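I opened this notebook to record what I looked up in the structure, one entry at a time. The entries begin with one residue and then move to the chain and its helix pairs.

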Amino acid sequence: MSSSPYKHWWSWLARWWRRPPVATSDRQRAADLIKAVDAGGLPLNPARVNDIARRLGLEVSRHARVEDTIARIRAALKR
């Protein structure tokens with residue numbers, strides 16, 4: 001009897017599926033956001049940007065422009 005060529009693939013998938021999520025700090029999430037913006041990225045979800053800012057302790061209006069919020073996050077990281 002030959003073993004299935006997918007046997008090892010399934011075991012890898014099972015380990016990957018059960019691994020705990022990687023926890024990142026709030027400052028690291030903010031730094032990653034700034035790094036992505038500096039590389040030319042555009043944040044597609046303003047709610048996520050606002051969440052990052054709030055976790056840094058900034059008060060952010062739902063109606064604030066994303067560009068302004070990113071500038072405030074950048075300033076908070078420099079402190």
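**Entry 1. Arg29**

Does Arg29 count as buried, partly exposed or exposed? I note beforehand that I am working with a predicted model. I looked up the relative accessibility of Arg29 and found 24%. Buried requires a value under 20% and exposed one over 50%, so Arg29 counts as partly exposed. I placed Arg29 in helix H2. Leaving aside residues up to four places away in sequence, I listed its contacts as Thr24, Arg48, Asp51, Ile52 and Arg55. For one of these partners, Arg55, I also looked up the separation from Arg29: 26 residues in sequence, and 9.7 Å in space from C-alpha to C-alpha.

**Entry 2. The chain as a whole**

I counted four helices and zero strands. Read from the N terminus, the order of elements is α-α-α-α. The chain has 79 residues, and 16% of them count as buried. For its accessible surface I noted about 6,700 Å², with 57% belonging to carbon and sulfur atoms. I then turned to contacts between residues at least 6 apart in sequence; of these, 38% join residues at least 24 apart.

**Entry 3. The nonpolar core**

Which residues form the largest nonpolar core? I found eleven: Ala30, Leu33, Ile34, Val49, Ile52, Ala53, Leu58, Val60, Ile70, Ile73 and Ala76. Two or more of these residues come from each of helix H2 (26-38), helix H3 (46-55) and helix H4 (66-78). I set beside this the general tendency of nonpolar side chains to be buried together in soluble globular proteins.

I followed Leu33 as one member of the core. With residues up to four places away in sequence left out, Leu33 touches Pro43, Val49, Ile52 and Ile73.

**Entry 4. H2 against H3**

I looked up the geometry of this pair and found that the axes come within 9 Å and cross at roughly 135°. H2 and H3 are therefore oblique to each other. Their crossing is left-handed. On the H2 side the contact is made by Asp26, Arg29, Ala30 and Leu33, and on the H3 side by Arg48, Val49, Asp51, Ile52 and Arg55. Arg29, from the opening entry, thus reappears in this contact.

**Entry 5. H2 against H4**

How are H2 and H4 oriented to each other? I recorded an angle of about 125°, with the axes 10 Å apart. The two helices are therefore oblique to each other. I noted a left-handed crossing for H2 and H4. From H2, the residues that meet H4 are Arg27, Ala30, Ala31, Leu33, Ile34, Val37 and Asp38. Their counterparts in H4 are Ile70, Ile73, Arg74, Ala76 and Leu77.

**Entry 6. H3 against H4**

For this pair I found axes that come within 10 Å and cross at roughly 25°. That makes H3 roughly parallel to H4. H3 contributes Pro46, Val49, Asn50, Ile52 and Ala53 to the contact, and H4 contributes Val66, Thr69, Ile70 and Ile73. I recorded the crossing of H3 past H4 as left-handed.

**Entry 7. Ala53, Asn50 and Thr69**

I next checked three residues that take part in the contact between H3 and H4.

Ala53 lies in helix H3. Its relative accessibility is 0%, so Ala53 counts as buried. Apart from residues up to four places away in sequence, Ala53 touches Leu58, Val60, Thr69 and Ile73. I also looked up Ala53 and Ala76, which are 23 residues apart in sequence and 8.8 Å apart in space, C-alpha to C-alpha.

Is Asn50, in helix H3, buried or exposed? I found a relative accessible area of 8%, so Asn50 is buried. With the same sequence neighbours omitted, up to four places away, Asn50 touches Val60, Ser61, Arg62 and Thr69.

Thr69 belongs to helix H4. Its relative accessible area is 4%, and Thr69 is therefore buried. Beyond residues up to four places away in sequence, I listed Val49, Asn50, Ala53, Val60 and Ala64 as its contacts. Asn50 and Ala53 are among them, and both were located in H3 above.

Technical notes:
Residues numbered from 1 in each chain as written. Predicted model: local features only at pLDDT ≥ 70, side-chain atom pairs only at ≥ 80, totals over all residues. Heavy atoms only, no water. Core = buried A, V, L, I, M, F, W, Y, C linked by side-chain atoms within 4.5 Å. Buried < 20%, exposed > 50% of the residue type's maximum accessible area, 1.4 Å probe, protein only. Contact = heavy atoms within 4.5 Å. Areas by Shrake-Rupley, 256 points an atom, 1.4 Å probe, with all protein chains shown as cover. Axes fitted to C-alpha atoms, helices over the stretch in contact; angles between N-to-C directions. Parallel < 35°, antiparallel > 145°, perpendicular 65-115°, else oblique. Left-handed = near helix turned anticlockwise from the far one by under 90°.
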